[in-house]
Amino acid sequence: MEIDLTPKLPQMVCGGDGGSYHAWCPSELPMLREGNIGAAKLALEKNGFALPRYSDSAKVAYVLQGCGVAGIVLPEKEEKVLAIKKGDAIALPFGVVTWWYNKEDTDLVVLFLGDTSKAHKAGTFTDFFLTGSNGIFTGFSTEFVCRAWDVDEETAKALVTKQSGTGIVKLDDGSSIKMPEPKKEHRDGMALNCEEAPLDVDIKGGGCVVVLNTKNLPLVGEVGLGADLVRIYGKSMCSPGFSCDSALQVTYIVKGSGRVQVVGVDGKRKLETTVKAGNLFIVPRFFVVSKIADDTGMEWFSIITTPNPIFTHLAGRTSVWKALSPEVLQAAFNVTPEIENKFRSKRTSDAIFFAPPS
């Protein structure tokens with residue numbers, strides 16, 4: 001049975017005064033289960049607070065909108081409090097405890113993409129909350145809580161039951177609680193702003209890309225994922241290519257729109273569609289994908305299921321065609337030397353991204 005690669009939008013899992021949590025469902029996007037990939041979005045309104053939790057999956061978080069504060073506690077480490085803003089990518093390895101807070105008028109929206117190969121459910125993130133009505137300690141008896149925290153019964157009950165929210169709550173404007181201020185030094189090695197980082201590829205009139213890997217964000221090595229932020233300009237094309245190290249490509253369209261084609265085994269086109277902001281789709285291992293932007297261009301954030309991905313391109317100056325000898329191309333295409341020479345003489349200076357025809 002063929003797997004449906006059609007791009008999908010997420011479904012709301014929970015929501016309230018403080019914000020909402022949305023996730024892509026494996027029943028609607030089967031490649032999530034097949035590829036052991038999870039995908040979700042957190043949206044926090046002003047004063048929205050995502051309660052402390054840990055997950056059964058390693059992830060990369062990407063800030064799609066707004067700015068706010070993230071608290072991150074790596075196993076057996078001190079809490080890091082980070083100021084986060086649009087364009088930030090954050091690696092979240094196994095065992096990390098996180099919380100998220102938005103004190104601004106604009107909603108804070110964070111995308112999560114990750115590996116669910118060790119998760120309870122393939123293709124789905126499961127979060128374990130430390131507090132709230134579904135917090136871990138609501139399941140322990142009062143005796144166990146008192147012994148664990150060395151508190152009396154009244155204090156234990158207050159700690160376990162006072163927070164009646166689930167997952168996301170809204171803090172009162174007049175609350176006496178003052179959330180911790182972020183520290184600039186806490187961002188070092190924890191986050192990278194993909195909109196401000198040096199470009200790894202910049203093609204005039206075509207597009208640009210920032211690659212997230214173990215060099216600029218070492219923590220992605222612990223997560224086991226690579227990532228990139230790609231922009232192609234109006235009517236530009238991203239060269240047909242594939243991941244040559246058996247990695248899956250999980251792509252979220254950040255803004256703009258365009259057309260995408262995916263070709264698989266036996267030269268069969270497996271996907272031809274228009275994608276727009278908010279869509280998520282997954283390219284299977286070794287399948288070839290190409291995109292062409294609409295008039296306003298297109299931007300996407302992707303994870304690749306290896307920390308230092310390698311791609312093979314099938315058009316442009318760096319393509320495999322330029323490396324093959326003329327005689328091999330002539331025999332493989334079964335064409336005359338004149339046609340082979342014409343083919344080889346094209347795209348001699350363009351690489352990866354191609355500006356629209358003039």
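Patches are made of residues with over 30% relative accessible area and no salt bridge (a side-chain nitrogen of Lys or Arg within 4 Å of a carboxyl oxygen of Asp or Glu); nonpolar side chains (Val, Leu, Ile, Met, Phe, Trp, Tyr) are joined within 5 Å. Accessible areas come from the Shrake-Rupley method with a 1.4 Å probe, and for residues only the protein chains shown count as cover.

The model is predicted: local features need pLDDT of at least 70, side-chain atom pairs count only at pLDDT 80 or more, and totals for linings use all residues. Residues are numbered from 1 along each chain, and side-chain values use heavy atoms, without hydrogens and water.

**Exercise 1.** Find the residues of the nonpolar surface patch that includes Val320, and place Leu324.

Solution.
- Val320, Leu324 and Val328 make up the patch, with about 190 Å² of accessible area together.
- Leu324 sits in the loop between α5 (320-323) and α6 (326-333).
- Leu324 counts as partly exposed because its relative accessibility is 32%, partly exposed being the range between buried (under 20%) and exposed (over 50%).

**Exercise 2.** Describe the lining of the largest pocket.

Solution.
- A pocket is an open set of points on a 1 Å grid where a 1.4 Å probe fits, with protein on both sides within 12 Å along at least five of seven lines; lining residues have an atom within 4 Å of a point.
- The space in the largest pocket is about 460 Å³.
- Its lining has 26 residues, with Val209, Asp228, Val230, Phe311 and His313 nearest the centre.
- Strands supplying at least two lining residues each include β15 (207-212) and β22 (311-313).

Methods
Points joined across faces, edges and corners; volume = space filled by probe spheres on them. Helix = DSSP H or I, 4+ residues; strand = E, 2+ residues; numbered from the N terminus. Patch = residues over 30% accessible without salt bridge, like charges linked within 9 Å, V, L, I, M, F, W, Y side chains within 5 Å. Buried < 20%, exposed > 50% of the residue type's maximum accessible area, 1.4 Å probe, protein only.
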